[in-house]
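Subject: The structure I promised you

Hello,

Here is the structure for you to open alongside this message. Have a look around first, and then read on for what turned up.

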Amino acid sequence: MGKKARSASGIQKAADRKVDKSSLPPPPPPPEEEHGSSKILPAPALPGSGFKVLGDEGYDDGGVADLSLLVDLEDSVQRRKRGDAEYFSALKGDLLPRVQTGPLANMPRKDQKVHLAQLLFSEEENSEEQCPSEVYVDQVDGEEDRATVSHRSDRLANARTALELSLVLGESACTSLSLAEICKRRLIFFGKDGAEDSLRCADMAIEIAGDGFWDRDEVKVECEENPKVDEKYEKNATTPALANPKTLKLLPLRVSQLCLRSALLQRGNALSALGKEEEARETYEKVFPLLESEPRCARIDWERHSLYVNIGNTFSRTGDFTLADEHFKFAEQLGKDHLEQDGGSITDGKAMVAVAKRARAFALKKAGREEEGKAVLREVVTQKLKDRMEAEMEKNNATKST
C-alpha cells in the first residue's frame with residue numbers, strides 16, 4: 001500500500017502525479033513483436049535512399065529501427081516493467097532515473113537519451129571513423145598532429161561520458177555499447193598500449209549482452225579517465241544481462257544480439273592489438289551466426305566485410321598468405337555483388353573492393369611478394385582517381401544543367 005501523504009504539500013504532490021488514463025498513448029508492443037531493422041521494408045524509408053536489399057524486392061531501413069530498440073527513446077522497457085499508470089505518474093513527478101546535476105540537469109529523461117545517442121553514434125564530417133569499415137589497424141605511430149590527438153581524446157572522453165549517462169539512466173544496452181566504443185576509441189587513441197584496457201571493456205560489454213548477470217560497480221570504474229582496477233575486488237554481479245530470461249520479458253532478444261555483435265568485433269580487434277591472433281580469429285568468427293538472418297544490404301555487408309578482412313589479417317600476421325587471401329576474396333566479393341547486382345550500392349561496393357585489395361597488398365608485402373603488392377595498390381589508386389574524375393564530371397554537368 002505505501003504511506004499516505006500527510007502534509008498539504010505532500011497531498012498536492014501526490015495529486016499532481018496522478019494521470020488521466022484515457023489520455024495515455026497505446027501500450028508498447030510485446031517484445032517478441034519488435035524485430036528492429038531485420039524487417040525488410042516494401043519501400044524506401046526515405047525518398048531517394050539507396051538501401052536496397054540484394055536478391056530481394058525490399059529495402060533496408062538504414063538501421064533506424066535497431067537504433068530505436070537500443071536507445072529506447074519511448075521508454076518501452078520502463079513502461080512494460082512498471083505498467084503505464086505507474087510509469088507516467090513517475091514521469092510526471094520526475095521520479096524516473098536521470099542526471100540531476102551538472103549541465104544535463106535541466107534536460108528531461110528523453111532529451112538525455114537523445115544526448116546519449118549523439119555521444120555514441122554521431123560522427124563529425126571528415127572524421128577518421130566515418131568509413132563503415134571496422135578493420136583493425138594500429139593507427140598510433142607517434143607522428144600524429146595535435147588536432148588528431150585532440151580529436152581522438154575527445155572521442156574517447158565522449159564514450160566514457162556515454163557510459164556514465166547509460167548507468168544513471170539504467171540503460172543496459174547503451175552501457176554495453178558504450179563499453180564497446182571505449183574499447184574501440186582506446187585502441188585508436190593509445191594504440192597497442194591501450195589494448196589490455198580495451199579488452200577488459202569488451203569483455204564487460206559481452207557480459208552485459210549475455211544471459212547471466214553483471215556488476216554495475218565494476219563497470220562504473222571504466223567511466224574514469226584512468227581506471228584503476230582493484231585486483232582484490234569481489235565481484236557482485238546482480239544486474240540481469242540483456243539475454244537473461246528476466247530481461248527478455250521486457251525487451252526483445254535482438255537488443256542482446258546487436259550489442260553482442262559490436263562487442264565481439266571490438267574484442268577481436270583488442271586481441272589482434274595484443275598479438276593474440278588465433279583468439280582474435282575465434283572471436284570474429286562468433287559474429288557470423290548472428291548475421292545469418294540479416295538482409296544483404298550495404299549496412300550489414302560492411303559488418304561481414306570487416307570480419308572477413310580482420311580474419312584475413314590474423315592469418316597474414318601469422319604468415320599464412322593463402323588463408324589470408326581466401327578471406328580477402330570473400331570480402332572483395334561482397335563489394336562486387338553490390339557493383340554487379342540490381343539495386344546494389346555502387347559507392348559502398350567500390351569502397352569494399354578497395355579495402356579488400358589494400359589488405360591483400362599489405363599481406364603480399366608481408367609475405368615477401370612486395371612487387372605484387374605494389375601492383376595491387378596501383379590498381380586501388382588508379383580506380384580511386386578514376387572515380388574522383390567521374391564524380392567531378394557529374395558535378396560539373398549538374399551545375400551546367402541548372
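A disulfide here is a pair of cysteine sulfur atoms within 2.5 Å. Please keep in mind that the model you are looking at is predicted.

Let me begin with the cysteines. How many disulfides does a search of the whole structure find? The count is zero. Two cysteines show why. For C259, the closest cysteine sulfur belongs to C174 and lies 7.7 Å away, so the two are too far apart for a bond under the 2.5 Å cut-off. For C201, the closest cysteine sulfur is that of C183, at 6.8 Å, which is again too far for a bond. Both of these cysteines are tucked away from the surface: C259 is buried at 1% relative accessibility, and C201 is buried at 0%.

Next, the interior. The largest nonpolar core has 68 residues, and L179 and V219 are those with the most contacts inside it. Helix α10, residues 253-273, gives the most to this core, with nine residues. If you would like a place to start clicking, try V219: leaving aside residues up to four places away in sequence, V219 touches L163, L167, T175, L179, M204, I208 and W214. L179, then, is one of the contacts of V219 as well as a residue with the most contacts in the core.

Then there is a loop that deserves a visit, the one between α2 (64-71) and α3 (76-82). Most residues other than glycine have a negative phi. In this loop, however, D72 has a positive phi near 55°, and D75, which sits in the loop between α2 and α3 too, has a positive phi of about 55°. Are these two aspartates buried or exposed? D72 is buried, with a relative accessible area of 7%, and D75 is buried at 3%.

Finally, a pocket. The second largest pocket has a volume of about 750 Å³. Its lining takes in 36 residues, and V77, Q78, G170, L250 and L251 lie nearest its centre. Elements giving two or more residues to that lining are α2, α3, α6 (146-169), α7 (172-190) and β2 (239-240). Which of the elements gives the most? It is α3, with six residues. By character, the lining divides into 17 nonpolar, ten polar and nine charged residues.

Happy exploring, and best wishes!

Note on methods:
Residues numbered from 1 in each chain as written. Predicted model: local features only at pLDDT ≥ 70, side-chain atom pairs only at ≥ 80, totals over all residues. Heavy atoms only, no water. Core = buried A, V, L, I, M, F, W, Y, C linked by side-chain atoms within 4.5 Å. Buried < 20%, exposed > 50% of the residue type's maximum accessible area, 1.4 Å probe, protein only. Helix = DSSP H or I, 4+ residues; strand = E, 2+ residues; numbered from the N terminus. Contact = heavy atoms within 4.5 Å. 1 Å grid on protein atoms, 1.4 Å probe; cavity = no way out; pocket = protein on both sides within 12 Å on 5 of 7 lines; lining within 4 Å. Points joined across faces, edges and corners; volume = space filled by probe spheres on them. Nonpolar A, V, L, I, M, F, W, Y, C, P; charged D, E, K, R; others polar.
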